[in-house]
Amino acid sequence: MKADAVRGHLDGLLLAVLEPGPLHGYAIIAAVQQRSGGALELRTGTIYPALNRLERTGLLSSSWQSSGERRRRCYELTDEGRRTLAGERTAWNEFTAAIGSVLNPTPSQGLAT
């Protein structure tokens with residue numbers, strides 16, 4: 001899938017995969033890839049700046065967690081992040097409905113001639 005297809009939707013994707021609970025960066029990348037059936041492969045150079053921005057704006061919080069000898073920064077949704085995700089979902093549903101009605105019109109919509 002083209003990288004342009006994700007542009008404008010990255011925040012919603014990140015918030016959605018963090019909805020069930022905290023994840024570290026590579027787990028976020030893996031979750032997006034798994035949920036998309038492999039269609040979306042996000043790069044670390046895309047993910048980490050976005051996570052930092054979402055944290056600065058109060059949509060995410062983060063903490064350091066240890067896994068054996070390794071320390072990882074884990075991100076989770078804030079209450080504001082959950083509200084924003086709900087808005088992203090509403091906007092996405094409206095957008096896809098509008099595009100769908102143009103690309104796949106129903107007979108009642110008729111086709112302009």
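## Aromatic pairs, a nonpolar patch and salt bridges

At 53% relative accessibility, Y26 counts as exposed, because the cut-off for that label is over 50%. This is a predicted model, so read every value here as computed from predicted coordinates.

Y26 is a handy place to start, since it leads straight to the aromatic side chains. How many aromatic pairs does the structure hold? There are two. Y26 makes one of them with Y48, in an edge-to-face arrangement: the ring centres sit 6.5 Å apart, with 75° between the planes. That pair links distant parts of the chain, as Y26 belongs to helix α2 (residues 25-35) and Y48 to helix α3 (residues 44-56), 22 residues apart. On the Y48 side, relative accessibility is 26%, so Y48 counts as partly exposed.

W92 and F95 form the other pair, and their rings are tilted: 5.8 Å between centres, with the planes at 40°. An angle of 40° gets that label because tilted covers what is neither under 30 degrees nor over 60. This time the partners share a helix: W92 and F95 are three residues apart in α4, which puts about one helical turn between them. W92 is partly exposed at 42% relative accessible area, and F95 is also partly exposed, at 43%.

W92 and F95 turn up again on the surface. Together with I99 and L103, they make a nonpolar patch of about 420 Å². I99 is part of helix α4, which runs over residues 79-103. With 39% relative accessibility, I99 counts as partly exposed.

Now for the charged side chains. Side chains of opposite charge can pair when their charged atoms come close. Searching the whole structure turns up three salt bridges, listed here with their N to O distances.

| Salt bridge | N to O distance |
|---|---|
| R53 and D11 | 2.8 Å |
| E19 and R89 | 2.7 Å |
| R83 and E80 | 2.8 Å |

Take R53 and D11, whose side chains meet at 2.8 Å. R53 sits in helix α3 and D11 in helix α1 (residues 10-18), so this bridge ties together parts of the chain 42 residues apart in sequence. R53 is partly exposed at 32% relative accessibility, and D11 is partly exposed too, with 22%. D11 isn't called buried because that label needs a value under 20%.

Next come E19 and R89, with a 2.7 Å N to O contact between their side chains. What parts of the structure does this pair tie together? E19 lies in the loop between α1 and β1 (23-24), while R89 lies in helix α4, so the bridge joins parts 70 residues apart in sequence. Both ends are partly exposed: E19 has a relative accessible area of 32%, and R89 comes in at 37%.

That leaves R83 and E80, which meet at 2.8 Å, N to O. This one stays within helix α4, where the two residues are three apart, about one turn of the helix. R83 counts as exposed, at 53% relative accessibility, whereas E80 is partly exposed at 36%.

Helix α4 is a good thread for pulling this together. The tilted W92 and F95 pair lies in it, as does I99 from the nonpolar patch. The same helix carries R83 and E80, and it supplies R89 for the bridge to the loop residue E19.

Note on methods
Residues numbered from 1 in each chain as written. Predicted model: local features only at pLDDT ≥ 70, side-chain atom pairs only at ≥ 80, totals over all residues. Heavy atoms only, no water. Patch = residues over 30% accessible without salt bridge, like charges linked within 9 Å, V, L, I, M, F, W, Y side chains within 5 Å. Areas by Shrake-Rupley, 256 points an atom, 1.4 Å probe, with all protein chains shown as cover. Salt bridge = Lys/Arg side-chain N within 4 Å of Asp/Glu carboxyl O. Helix = DSSP H or I, 4+ residues; strand = E, 2+ residues; numbered from the N terminus. Buried < 20%, exposed > 50% of the residue type's maximum accessible area, 1.4 Å probe, protein only. Phe/Tyr/Trp six-rings, centres within 6.5 Å; stacked < 30°, edge-to-face > 60°.
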